[in-house]
Amino acid sequence: MDLEFGRDLRSPKRDSWKTTLLLAYQSLGVVYGDLSISPLYVYSSTFAEDIQHSDTNDEIFGVLSFVFWTLTLIPLIKYVSVVLRADDNGEGGTFALYSLICRHANVSLLPNRQIADEELSTYKLECPPEITDKSRIKVLLEKHRKLRVALLIMVMIGTCMVIGDGVLTPAISVFSAVSGLEFSLSKDHREYAVIPITCVILAFLFALQHYGTHRVGFLFAPIVLAWLFCMSALGLYNIIHWNPHIYKALNPSHMFKFLKKTRKYGWMSLGGILLCMTGSEAMFADLGHFSYSAIQLAFTCLVYPALILAYMGQAAYLSKHHDFYSSSKVGFYIAVPDKIRWPVLILAILASVVGSQAIISGTFSIINQSQSLSCFPRVKVVHTSEKIHGQIYIPEINWLLMILCIAVTVGFRDTKHMGNASGLAVITVMLVTTFLTSLVIVLCWHRPPLLALAFLLFFGSIEALYFSASLIKFLEGAWLPILLALILMAVMLIWHYTTIKKYEFDLHNKVTLEWLLALGDKLGMVRVPGIGLVYTDLTSGVPANFSRFVTNLPAFHQVLVFVCVKSVPVPYVFPAERYLIGRVGPPGHRSYRCIVRYGYRDVHQDVDSFETELVETLATFIKLDASYRCSEASEQELELDPGERERRLTVIASNPLRRRASYDLQDSMKHSAASTVEMRATATAASADDDDDSLSPGRAEISSAAVGPNQVRFFTDSQVASPEFADNKQVAEELEALAAARECGTAFILGHSHVQCKPGSSVLKRLAVDVGYNFLRRNCRGPDVALRVPPASLLEVGMVYVL
């Protein structure tokens, strides 16, 4: 669940023990809802059909030993001790690992990457790149494009399985909680009560998503806390009352006895045992909302002991009761005393709703991240809270998840098939995390490759064992996550492939700056009042959709801004560093370039705030650019041709954290092998004394060193207020023109694309592009909706892409 409450409480310094305790308490409702309800269905899924509970107790003791050591090795040691440390600026999850790898090795497939992005505050490296030696793994990944594509596909597989888990977890959680009604209803009424009640609860859960969870989020932690105490108390009661020596079953030898006795069927039952670690990935995925110490404290001191007591209590009860012949009887509620069964049932249903809410919100978040990396069709993202950043709602995905959840519940009708399906999705995500973490150990932490290999082999072998046990259940429910993953993978690959090809088409068909400057001399070309925002994926040059626009309609706006909204491999970009501003042509042409940068966890601004910030940023840039052109350091710039001057960009800063620094970033442009334009920057910073309350004028000045032709310049606020601009007539005229254009209104010029394959293309490519991509384009949100463009201000330019 995307709560930023924890982040608001965190300071740059080490958290105090009070803050850590508060964050640990809040994490219960956000992080551990899914993991805490796993005792509802682990034993019933394990003893479904593969193995039977016998008088010798070898089976139940072996299952308990497997559960204990699985919870100890995977969630406790792997995640809490290792994986949680692989954070990306405090963020966790599959995309955080991929982002870390992309920053430490040139493996990103994003087309419009710029070296200037490396100057972002959140673009931090573990070690400076100039002092780190390239490992063989890094060289191989950077050299072979197929390996980079395979890495992205692996990330996509993990993403697809997380989305699949968003379908399966709510179904199995709520169904397992409601199944406690079987003990209070007659056999004839069970079938007509459990399934309908489960479907009603699921429909109600998804119907409330558009309201957001901030209204009832304060209840989540108390519910999970009460549930953990309830499980612990029941576990202690069953241990003391039925079998005080159940702790002996924790001996690993019982695992080998179990496998020796049950053989193939015991191995197949591992698909049910692995459900005990369902929700472990949430500890890492939700790391950004809290802190490492808070999540570690909550798990080791409360969640882990409560889960162990719950499983031991169930095993203690079952070790003294052997007259069960169905999986529904080898479950959680059979070990609950009759007098408290109804209160426990209600608390279990509430806990299952909290756990389901966490995975639903996580599904929204990961789809938004996939969309930012051009790996998912455009969908409408809605903020559900003005105060808590990151709480989002995606209507299309929400209703699709609801339909699939209800279909799974009605179709499977038991925890056996649901557990088989959910288990395969969970273990696949864990395998992807293990592999990516091993790469982080080598590429980011610069540890010996043997250490990464040991991590991969140890945890990978355990997870591979569980994966094989889940995969063998293909016909018994495991086919569902595979089918969902294949469909989602096809959608993501088609969208990503065609998006990259469209960018390459735009890059090769862009027009020159000289063509744009010559438009004013052409007969009949006029400049109309207002601001024209031309959206493009290009970071330099004039896009082909604008040339097509002025060719058919010989007029363009008095103030022209080429806007590139791009994603960078960081979780979020500070607002003060979001905009890169530059000129397109001389000042009199009134044409600018604006590159708007977002991280993979950022949610795009609404159009009103974006338009206001853009105009304010342009006004600041005009003043600063005039100052720079008048300085001695700009003498070299006056000799540059317009094409070189157009590639110079400026970051306008207003962040208080940045007020004490001035930057002069040398930036040279070059084309990569994929014909993408990159910007290389070197930075020098002069920071003010920490005891100063204000920035002195001398500290805000630009470096007087000679500068090259292509620059990214960082200016501080004190320069904006400098009085030297008051008498600058040219600046005043340009600002007046900008203000007048703003009063006349803003037009948003977007390309309306149609994509088709070249003649002679393969059948697979024609199916992917002509059929698949165009179907997705017609049935998903358009760029105007994704960018929140008002329909009254929209101008669409038809573009045909021949790929």
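In what sense, parallel or antiparallel, do strand 3 and strand 4 pair, and over how many bridges? The two strands, residues 526–535 for strand 3, run parallel and are joined over eight bridges. Pairing here requires that DSSP finds at least two bridges between two strands, while helices (H or I, at least four residues) and strands (E, at least two) are DSSP runs, numbered from the N terminus. The model is a predicted one, so local features need pLDDT of at least 70 and side-chain atom pairs count only at pLDDT 80 or more, whereas totals for chains, interfaces and linings use all residues. Residues are numbered from 1 along each chain as its sequence is written, and side-chain values use heavy atoms, with hydrogens and water left out.

First, the overall picture. The protein contains 29 helices and 13 strands. Of its 803 residues, 59% are buried, where buried means under 20% relative accessible area, exposed over 50%, and partly exposed in between (1.4 Å probe, protein chains only). Contacts (heavy atoms within 4.5 Å) lean towards long range: among those with a separation of 6 or more, 83% involve residues 24 or more positions apart.

Back to the sheet. Along the pairing of strand 3 with strand 4, Arg527 has Phe556 as its bridge partner, and Gly532 is matched with Leu560. Strand 4 also pairs in the parallel sense with strand 6 (residues 591–598), again over eight bridges; Val565 and Val596 are bridge partners there. Strand 4 (residues 555–567) is largely enclosed by the rest of the structure, because 11 of its 13 residues are buried. Strand 3 has a further parallel neighbour in strand 12 (residues 746–756), with four bridges between them, and Ile531 stands opposite Thr746 of strand 12. Just before strand 6, in the loop that follows strand 5 (579–583), sits Arg590. This arginine has a positive phi, near 55°, without being a glycine, and at a relative accessible area of 15% Arg590 counts as buried.

Next come the nonpolar cores, each a set of buried Ala, Val, Leu, Ile, Met, Phe, Trp, Tyr and Cys residues joined through side-chain atoms within 4.5 Å. The largest holds 168 residues, and the members touching the most others are Tyr32 and Trp227. Neighbours within four places in sequence aside, the contacts of Tyr32 are Ser27, Val224, Met283, Ile295, Ala298, Phe299 and Val303. A second core, separate from that one, has 28 residues, among them Val559, Tyr579, Phe610 and Val731.

As for internal space, the count is 12 cavities of 30 Å³ or more. The search runs on a 1 Å grid over the protein atoms alone, a cavity being a set of points where a 1.4 Å probe fits but cannot get out, and lining residues have an atom within 4 Å of a point. Grid points are joined across faces, edges and corners, and a volume is the space filled by probe spheres set on the points. The largest cavity comes to about 450 Å³. Its lining has 34 residues, with Val162, Glu281, Ala282, Ala285 and Ile359 nearest the centre. Helix 6 (94–104), helix 8 (145–178), helix 15 (280–285), helix 17 (341–372) and helix 19 (415–443) each contribute at least two lining residues, and helix 17 has the largest share, at eight. The lining splits into 17 nonpolar, 11 polar and six charged residues (Ala, Val, Leu, Ile, Met, Phe, Trp, Tyr, Cys and Pro count as nonpolar, Asp, Glu, Lys and Arg as charged, and the others, Gly among them, as polar).

A few individual residues round this out. Asp34, in helix 3 (residues 33–36), is buried at 5% relative accessibility. Beyond residues up to four places away, Asp34 touches Tyr41, Asp165, Thr169, Ser173, Thr278, Gly279 and Gly355. The C-alpha atom of Asp34 is 8.4 Å from that of Ala351, although 317 residues separate the two along the chain. Ser422, in helix 19, is also buried, at 2% relative accessibility. Outside its neighbours within four places, Ser422 is in contact with Asp165, Leu168, Thr169 and Leu275. Arg413 occupies the loop between helix 18 (395–412) and helix 19. Arg413 is not a glycine, yet has a positive phi of about 65°, and at 37% relative accessibility Arg413 counts as partly exposed.

Methods
On a 1 Å grid over the protein atoms alone, a cavity is a set of points where a 1.4 Å probe fits but cannot get out, and a pocket is an open set with protein on both sides within 12 Å along at least five of seven lines; lining residues have an atom within 4 Å of a point.
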